[in-house]
Amino acid sequence: MAVREAAAGPRGLGRDEETALLYERAHYRHDPCWLLPVPPRLCLACVLELLPEPCVSLVRKKHVLSCFQDALLRHASLVMQLVAQDQRICTHFISMLFGLLCNVEDGSVIDLCIEVLIQLTTQLKLEQTVHCLLDECHKELCNMPSMRDSLATLTLLGKLVDAIPPLADKLVMEHSNLMEHLLRGLVYPNEGVRASVCYLYGKLYSSPVAAEMLSGHFREKLCPLFLSILDGAQTKELQINCLGWLRQLLKYDLFVSVIMNESSLAESTEGVEGPPGKTSLPLVLKKLLLSRDETLQVASAHCITAVLVHSPAKHAPAFIHADIPEFLFEHLSSSSEVLVWFSYNCLILLAEEPLFFSKCHTVYGIESVVRSLQGSLRMNNTELHKEGLLLFAEILTRQPEEIKLFTSSTMCRDAGRALQEAVNSPVLEVAAEAVKAISAFLRKDHQSALPVQYRELRALLEAMLNRCADFSQTPLNRRPLRHSEQATQPNLMEVFLSILHSLFVIVPHMKEKFSKKLASSSFIRLTLELKARFCSSQSHSDLNQVCSSFLYDMSLNLLSAPEKTEPPSQEELSAVSAFLQHGLPEIRSRSPESLAFLSDRQYVEGIARQRQYCILLLFYLAYIHEDRFVSEAELFVAVQSFLLSLQDQDERPPLTVIRASIYLLAICQDKDDALDEAVVSAIRKFLEGIPDLHLVYIHHPLLLRFFLLYPELMSRFGHRVLELWFSWEESSYEELDDVSSAGQSPLPASLAALFYMLRSSPSILLILLDLIYSSPVDTARKVLIVLRTFLMRNEDVQVGGLIRGHFLLILQHLLVEHGASPSGDSGNLPLLLSLLSLVQLKNKSEQELDSMAMKLLHQVSKLCGKCSPADVDILQPSFNFLYWSLHQTTPSSQKRAAAVLLSSTALIELLEKILALTWTEVDSPRTALLCSAWLLAASFSAQQHDGSLQVHQTLSVELDQVLKVLSFPKKKAALLSAAILCFLRTALQQSFSSALVALVPSGAQPPLAPEDTALAPLGTSQVLSLVIGLQNLLVQKDPLLSYACVACLEALLDYLHARSPDIAFHVVSQPWNRFLLFTLLDAGESSFLRPEILRLMTLFVRFQSSSVLSREEVGHVLQGAALADLSTLSNNTLQALRGFFLQVQSMGLLADESTAQTLHVSLEGLSPSTSSAEPPLDMLCLGGVAVSLSHIRD
């Protein structure tokens, strides 16, 4: 009775209600401590015994359970104190409640049980209790014959994990076989069960650890099934739970890829006969967008956004092909601000994909955007305003010009009015987004709809400009300042810079040009001084922001349109943008303080490092535009310290920072200052970490000097920097290539700087030589011209050995690499050979050929032997080199060189083929090559004959063709005729007995006449024709050709005189010779003193041809020579005059002894070395052909 009295409720509580809360059959046994002292007057012991009792009605159990829940809510600490005093009571309570949950079918009782279990478990905070409940759930699911009965347990698990998130990891790790039961629940044909499973999966995948552990489970078993369930869900509960699960999955890039790949497979099999089951996520979300349920529409848009944020470029095409943009545009007219905001967000992400525009979705949706913008501006939702303007700006900016956005002037007018309303917004962020949209809206192609609304456009521009001024003034007007002068100046400068800044947006196509003008007008200096003066003590924050924004956009504009370097990549600009955004607002110090901060070698953290990057970049941009407002010497030291700091902290700076550092060091370095080795090593390390030097190269002479000055940099980067130098060079090189003007025309400044470096470090020539071989043809030609010009203008620089040695290595590599036919892959080899010929031409005559020269001769002859006559570009410079090598050395070296060349049978065979082309290609582009071939053949023949050299391959030449070409010469082929004459002269001097040259007939020849036997292999008619041909060639009065003709005539007459003196005298006595002589003498008063005419007269005197040159005429010639100033004559002329005088003397034709004596004394007093006339060059390059005048003449 005492217990019962103690259990009595307060006065006023009905007896029936009290009875319902107590289990009378057992309550008398319970200790009073289990009775709650506050309403509801509940005995916890009674609750434990009443709820599992089968004879108690379900209604009463529900009432008791409801009261227990109320007690948990109202008196949690009191209830927990009673329950938690013994772990067994806790476990019994949990087991009893879980048993009730599993044994009732009433939905309201089930829900109540679940809520009480969750409350009890979360408030107890006992790990054993949680384990107990999980074990009960696991056991129930494992023993359950049908998934129909699992709904309550699955729902409990889902809500339990929701209430205690760490349980997700525990459930996956310790109860992993539950996943199979969940999988069974997904395929069970009951949407309630499916919904509870989806809810639980959503909670499990909300944990990153659990999600990672379940990744394989989802990829292998769940993905197609999940998409199918989402597609076919009928109840809203299942739809919502599926979308909740999907949102958790879409947080991870892995699951996004799996789902989208599965969707792409479904799309690829669409329309193909086969088993159904493949479902596409874009199509499912599209279906949800089409539903009339706003919740589902918002959830669908949210999921689309969640996919796109991972990679718009990768995933946007799938949604675009599913026509998702069309329905998102439709939802912009919704009255739901949340749905409109998510639609804006989705469309902004889709607008990053060009397909969004090419599919003309913007043309379809632009009117919806404008209408939505107009409507949203009437709402009090700033975020919605900004998102709508951002979408409008993206569309206006990215829309292709060829696809017109506004199809009518009315639509264009409405868009302008919406933007005007937006720019007038009192919210600064909204107005700023409006300014960006207006700048894109003013693009010409957006205003092409006729008639153009000029009045509307003017009003829009005025509103924007007025608002820009308001932005800059409003913050300052609200700040009280001590001095009106100080208040006015920053106020005005803030407005001024804001207006300048807005011009970048208003006239976007001029922003780069405008930025260059500002930079060159010292606006970087001005803005930094404003920040240092007014913003150093955290004051004038608005001015600081305007200055920072102005410097930010101007810097990016300048970097985006460089003049002497490659434009930066988008990735590089993004990196610059990032550190400018963080660092510029922090710069508030004057230049000396900034330099000191840049020089800091202590550990520099992230924000401070970004500030250093900004300072360096601003100095760099200022210097590039000739605004050098900091000392070069101090900046030189500061940049070195900055680079060493980066190296000490093992940091890799952005490309822009590396470029700026190197440029400033190169510009600021004084001639006497040099970088420390540690700085050079740091620079090399930074440069080795980038893919290619062109990413940081700036075209400037001082930068080139910087790389070539330090051996460590030159050895690693010299080749590439010189290649970049020549690729950027825009100077006119063609004028320099004119050999005649190479010594007179002034050099461009850039080349003058390069030549200075070449003189100080001749090893750079080796890099240039490599460039000629490996660079593109245009670049290689520039290098060749530069090297050629350098060698011609710097006669004192002896680099022949250096260049020849390096060229030998290149040539050996080429011959090994390309084997039998280098012509097909010659690349720039002709240019290299041309340079080699020039180096050879610079050599002094009469020098012994060293081993290097002999190796080069061998390799070049091998190269020629591997070519065909069509390879003119290789053969011409090669023949020039071989020819000059033979004629610019001592007789002993000539013999060695000739032996090397004659040993190349392939070269001799090639020479024979080329000579044979003479008869068919006199006027062809190969004329120069033919000239070189004949000169080489003459040289080879002479050297072989004089040195009795071994012959490995004979050279066959058709003599009658040679005589025919000379007897009937072509006009415009003077050099070729001279070369052939040189060859014929050599053959005549050898009496056609050369072991090397085999003179063969063209075809069947008639037997020689008896009188021609002595002249064989010549015939009398051939001789006379040849003489006439020589006379015709002499009449052309070409100096070189005249030398060759006279020399050949001398050899011919010697040959004739030895075999048939009568024919020789007959040839000399022809009347035509006198006409020829006087034609030649008619060229001027002193024309008789030309060496070829003197030699011709000597020939006539020698063969006593008085009919051509009489005794009196000989006297006149001698008298004229005695009166001439012989000291002004060339050595060749003096030699010819001496020969003429001696011949006249020997023939007894000296009529005037005094004249003869005077001339004799004058000639004896003049040695070749005392002549005041400049000695003519013996080695020349005429029309691309190497020519030795002494070879032609003598």
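**A first walk through a helix-rich chain**

Hi everyone, let me start with one residue: S522 is partly exposed, because its relative accessible area is 25%, and partly exposed covers the range between the 20% limit for buried and the 50% limit for exposed. Please keep in mind that this is a predicted model. Where does S522 sit? S522 is in the loop that links α30 (511–520) to α31 (523–534). And what is its backbone doing there? S522 is not a glycine, yet its phi is positive, at about 70°. As background, most residues other than glycine have a negative phi, and most peptide bonds are trans. We'll come back to both parts of that.

Now let me step back to the whole chain. The protein chain has 62 helices and 4 strands. How many of its 1194 residues count as buried? The share is 53%. If we take the contacts with a separation of 6 or more, 74% of them are between residues 24 or more positions apart.

Here's a small example of a contact across the sequence. V38 belongs to the loop between α3 (24–27) and α4 (44–50). Setting aside neighbours within four places in sequence, V38 touches H75 and L78. V38 and L78 are 40 residues apart in sequence, and their C-alpha atoms are 9.7 Å apart in space. Is V38 buried, or partly exposed? With a relative accessible area of 27%, V38 is partly exposed.

Next, some helix packing. Two packed helices are described by the angle between their axes and the distance between the axes. Take helix α16, residues 236–249, and helix α18, residues 281–289: they pack at about 135°, and their axes are 13 Å apart. That angle makes α16 oblique to α18, because it falls outside the ranges for roughly parallel, perpendicular or antiparallel. The crossing of α16 past α18 is left-handed. Which residues make the contact? From α16 we have Q239, L243 and L246, and from α18 we have L281, L285 and L288. Sorted by class, that contact of α16 with α18 holds 5 nonpolar residues, 1 polar residue and no charged ones.

Now please scroll along to a second pair. Helix α55 (residues 1039–1059) packs with helix α56 (residues 1061–1068) at an angle of about 140°, and here the axes are 5 Å apart. On the α55 side, the contact uses L1053, L1056, H1057 and R1059, which meet P1061, I1063, A1064, F1065, V1067 and V1068 of α56. By class, there are 8 nonpolar, 1 polar and 1 charged residues in the contact of α55 with α56.

One more helix: in α20, residues 312–321, the buried residues are P312, H315, A316, A318, F319 and I320. Just after α20 comes D323, with a positive phi of about 65°.

On to the strands. In a regular strand the side chains alternate between the two faces of the sheet. Strand β1, residues 955–958, shows this alternation: L955 and V957 point to one face and are buried, whereas S956 and E958 point to the other face and are not buried. What does β1 pair with? Strand β2, residues 997–1000, is its partner, in the parallel sense, with 4 bridges. Within β2, V997 is the bridge partner of L955.

The other pairing is a hairpin. Strand β3 (residues 1179–1182) and β4 run antiparallel and are joined by 4 bridges. One of the partnerships here is C1181 with A1186 of β4. The hairpin has 2 residues between its strands, and G1183 takes a positive phi near 60°. In β4 (residues 1185–1188), V1185 and V1187 point one way, A1186 and S1188 point the other way, and all are buried.

To finish, two more backbone details. First, E626, a residue other than glycine, has a positive phi near 60°. You'll find E626 in the loop between α35 (606–624) and α36 (632–648). Is E626 buried or exposed? E626 is exposed, because its relative accessible area of 59% is over the 50% limit.

Second, which peptide bond is worth finding in the viewer? Look at the one from A1016 to P1017: the bond is cis, with omega near 10°. P1017 lies in the loop between β2 and α54 (1020–1035).

That's my tour. Thanks for listening!

Conventions. Residues numbered from 1 in each chain as written. Predicted model: local features only at pLDDT ≥ 70, side-chain atom pairs only at ≥ 80, totals over all residues. Heavy atoms only, no water. Axes fitted to C-alpha atoms, helices over the stretch in contact; angles between N-to-C directions. Parallel < 35°, antiparallel > 145°, perpendicular 65-115°, else oblique. Left-handed = near helix turned anticlockwise from the far one by under 90°. Contact = heavy atoms within 4.5 Å. Nonpolar A, V, L, I, M, F, W, Y, C, P; charged D, E, K, R; others polar. Buried < 20%, exposed > 50% of the residue type's maximum accessible area, 1.4 Å probe, protein only. Pairing = 2+ DSSP bridges.
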